[in-house]
Amino acid sequence: MNVDSGEAGPLLSVTDLKVSFFTPAGEVKAVNGISYDLRRGEVLGIVGESGSGKSVEAYSIMGLLQSPGRVIGGSISLGGENVLEYGRRQIRNMRGNRVSMIFQNPMTSLNPVYTIGDQIREALTAHSRVSRGDADRRAMDMLDLVGINNPEKRLRQYPHELSGGMRQRVMIALALICEPDLLIADEPTTALDVTIQAQILALMESIRKERDMAIIFITHNLGVVADICTRVAVMYAGHIVESGPVNDIFYAPRHPYTLGLLRSIPRVDDESRERLIPIDGTPVDMLNPPPGCPFAPRCHECMNICLRAYPPATAFADGHAANCWMFDRDVFDREMAEREMPDL
Amino acid sequence: MGGNYLIELKNLKKHFRVSGGKGEGRHVRAVDGVSLSIREGETLGLVGESGCGKTTLGRTAIRLYDPTAGAILYRGEDITRAKIKPYRRKLQIIFQDPSASLNPRMTVGEIVGEAIDIHGLAPNKAARAERIADLLDQVGLNGEQANRYPHEFSGGQQQRIGIARALAVEPEFIVCDEPISALDVSIQSQIVNMLEDMQASHRLTYLFIAHDISIVRYISSRIGVMYLGKLVELSPRDEIYKMPVHPYTRTLFSAVPIPDPAKSRAMSRVILEGDIPSPINPPSGCRFHTRCPYMTDRCRDEEPELAERSPGHWAACHLSA
């Protein structure tokens with residue numbers, strides 16, 4: 001699907017990013033060395049449970065991390081420039097202009113005391129010199145594009161006068177008004193009903209196609225990922241434990257956590273009623289993560305080494321990779337040999 | 001099994017008066033005439049968008065709200081206006097947000113024990129402690145955890161405590177109101193499996209309310225679909241998915257994304273225009289007519305009755321009648 005044109009490098013390149021929160025109770029390594037590339041037109045799904053670091057990672061691209069959170073290592077390269085070295089001005093210039101973000105709850109991300117028109121105009125005038133008439137015209141076109149009827153009237157309305165689905169459309173309009181290269185969507189449909197979710201997903205897909213924009217889609221909903229993403233990164237306890245093209249992740253998952261997630265959810269098209277296979281145990285306590293692989297305590301394949309050392313990435317075909325000791329041939333063979341010893 | 005109905009709802013209505021603000025003095029018609037019978041031992045799933053009245057229906061069915069009109073029958077007995085305490089033991093609920101539904105100042109033992117005390121289910125202290133330990137054990141916690149407070153537990157464990165509390169009074173009917181939607185994906189199936197085990201071992205009947213249609217389809221024997229305070233379709237679980245009658249059901253089911261890229265992308269989705277209308281002033285005739293792609297004049301004027309289309313499959317739509 002993604003033809004690598006080779007003419008330019010990736011739009012976004014995250015390398016060994018580390019983000020920690022320095023809390024009174026200790027350091028929480030929310031993002032613990034993740035790397036990925038993103039090209040124009042791609043939709044990268046970042047999947048993970050609460051506390052996996054998926055949102056923190058996105059916030060650090062936007063320079064939105066709040067104290068006590070801090071990027072402590074790695075780089076985020078956007079069009080060849082390291083975003084982490086940006087000064088205040090440069091970050092302001094990037095935000096909303098080259099990279100935009102939409103959030104889970106549109107009510108709390110829109111300002112309740114300004115009209116929709118005020119807010120869209122503000123985004124425009126922050127990044128370019130436009131007259132009020134021009135700004136209004138562009139805002140109306142944008143509202144029209146995101147499927148809001150009667151845009152002229154909506155510009156004069158306040159957020160509380162709109163429904164949840166409509167507010168999320170306004171958020172998307174706001175995010176896209178300056179034609180960003182990259183849209184980061186943090187659980188954009190989680191607070192919405194399925195029928196409205198379907199509307200919003202269809203809208204994002206059509207805009208992506210039209211503008212050849214890249215999207216990072218952060219979610220815990222695997223159905224949504226299957227629907228809209230071209231590539232997937234599965235996060236667990238601050239690590240990307242598996243990543244690859246969407247088909248590889250769903251049809252040939254390698255990491256026991258990915259496999260566990262896929263097996264544990266019921267599918268609406270499934271008649272079998274076979275008992276669900278849950279992932280045992282509880283999510284990691286990020287203040288006291290276990291040494292080694294953080295998934296090891298819940299993993300059915302857990303070997304001795306998993307409790308001691310974090311596994312390196314093993315690459316499979318087509319950019320599919322997983323961090324699991326099972327795929328290190330030597331380690332695996334040695335562990336299996338040790339396991340058989342007592343039987344001798 | 002057979003035709004034994006544990007709970008019957010007859011033309012049940014629950015309206016809330018709006019106080020303050022724009023709609024002052026008017027009524028939110030959250031549940032507006034729903035008839036439904038639940039068989040002993042079954043799981044009846046209830047789906048619909050937020051604001052459709054599914055939670056209100058669940059709460060009214062066990063008299064957490066007093067109905068505005070209509071009747072509730074428990075084993076054929078009218079309990080609509082009856083004194084509720086003797087029935088409360090039989091009719092329980094598990095809430096959506098486990099941390100909000102457990103008193104933070106009570107220990108787990110107190111939370112589970114309170115119901116035992118109210119209904120006088122333990123003859124003495126030792127029996128009470130034993131019962132609490134046994135309940136915690138049943139939900140996968142251990143008796144020693146009875147002295148701890150809710151905040152010391154993870155979300156999944158808190159929901160287990162909520163389930164232990166519901167089970168403490170040996171109920172027959174449990175309303176499960178979005179019991180897993182606040183939990184992490186990897187924990188959801190643990191709780192679903194446990195609810196199923198409890199149903200088998202305690203012979204429970206569930207009304208399972210959720211907006212996640214995949215989970216409802218998995219756990220339910222029959223599924224009801226609500227729209228703006230009305231039941232628009234009711235059918236055995238496979239039939240309603242494969243042969244939905246009501247256009248709203250079709251839309252709702254087709255909108256559910258499937259965790260299978262090829263299948264999900266190949267699906268033809270019916271994308272609805274607009275939003276759900278206000279339950280303060282619902283549309284005339286069929287309430288879905290403002291968004292229905294097949295709307296006719298009749299739909300605007302005349303409200304369709306819920307009618308049986310094939311054995312056990314009911315729908316309220318003029319078009320397919």
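## Exercises on a two-chain model

In chain B, β4(B) and strand β5 (residues 77-78) run antiparallel to each other and pair over 2 bridges. Strands pair when DSSP finds at least two bridges between them, and the elements themselves are DSSP runs numbered from the N terminus: helices are H or I with at least four residues, strands E with at least two. Residues count from 1 along each chain as its sequence is written, while chains are lettered from A and ligands numbered from 1 in the order in which they are written. This is a predicted model, with local features needing pLDDT of at least 70, side-chain atom pairs counting only at pLDDT 80 or more, and totals for chains, interfaces and linings using all residues.

**Exercise 1. Work out what surrounds β4(B), starting from its hairpin with β5(B).**

- Step 1: Pick out a bridge. L73(B) has D78(B) as its partner in β5(B).
- Step 2: Look at the turn. There are 2 residues between the strands, and R75(B) takes a positive phi near 50 degrees in this hairpin.
- Step 3: Find another neighbour. Strand β1 (residues 5-17) of chain B runs antiparallel to β4 (residues 69-74) of chain B, with 5 bridges joining them.
- Step 4: Pin that pairing down. I7(B) is bridged to Y74(B) of β4(B).

**Exercise 2. In which order do the strands of the 8-stranded open sheet in chain B run?**

- Step 1: Walk across the sheet. You get β6-β7-β8-β3-β9-β10-β12-β11, with mixed pairing.
- Step 2: Mark the edges. β6 (91-94) and β11 (307-310) of chain B each pair on one side only.
- Step 3: Add the twist, an average of 25 degrees from one strand to the next. Angles run from 0 to 180 degrees between N-to-C directions, using axes fitted to C-alpha atoms (for helices, over the stretch in contact).
- Step 4: Zoom in on one pair. β7(B) and β8(B) are parallel over 5 bridges, and D177(B) is bridged to I209(B) of β8(B).
- Step 5: Put a helix on top. α1 (residues 54-61) of chain B lies across β3 (43-47), β7, β8 and β9 (222-227) of chain B, at about 155 degrees to β8(B).

**Exercise 3. Check whether the length of α6(B) agrees or disagrees with its residue count, then see what packs on it.**

- Step 1: Compute the expected span, which is 1.5 Å times one less than the number of residues. The 18 residues of α6(B) should span 26 Å, and the end C-alpha atoms are 26 Å apart, so the two agree.
- Step 2: List what is buried (20 or more other C-beta atoms within 10 Å; exposed means 12 or fewer, partly exposed in between; C-beta atoms are placed from the backbone). The buried residues of α6(B) include V185(B), I187(B), I191(B) and L195(B).
- Step 3: Find the cover. It includes α11 (256-264) of chain A along with α5 (155-167), β7 (173-177) and α7 of chain B.
- Step 4: Step off the end. Just after α6(B), R203(B) has a positive phi of about 50 degrees.

**Exercise 4. How many residues of chain B are in contact with chain A?**

- Step 1: Apply the contact cut-off (C-beta atoms, placed from the backbone, within 7 Å). That gives 35 residues of chain B against 38 of chain A.
- Step 2: Assign them to elements. α6 (185-202), α7 (213-219), α9 (247-254) and α10 of chain B each supply at least two, and α6(B) gives the most, with 6 residues.
- Step 3: Sort the chain B side by type. You get 15 nonpolar (Ala, Val, Leu, Ile, Met, Phe, Trp, Tyr, Cys and Pro), 11 polar (the others, Gly among them) and 9 charged (Asp, Glu, Lys and Arg).
- Step 4: Check the scores. The model has ipTM 0.87 and pTM 0.90.

**Exercise 5. Is S99(B) buried or partly exposed?**

- Step 1: Locate S99(B), which sits in the loop between β6 and α3 of chain B.
- Step 2: Count neighbours. S99(B) has 15 other C-beta atoms within 10 Å, so S99(B) is partly exposed.
- Step 3: Leave out residues up to four places away in sequence. S99(B) then touches P150(B), G155(B) and Q158(B).
- Step 4: Try a distance. I161(B) is 62 residues away along the chain, with 10.0 Å between its C-alpha atom and that of S99(B).

How values were computed:
Contact = placed C-beta atoms within 7 Å.
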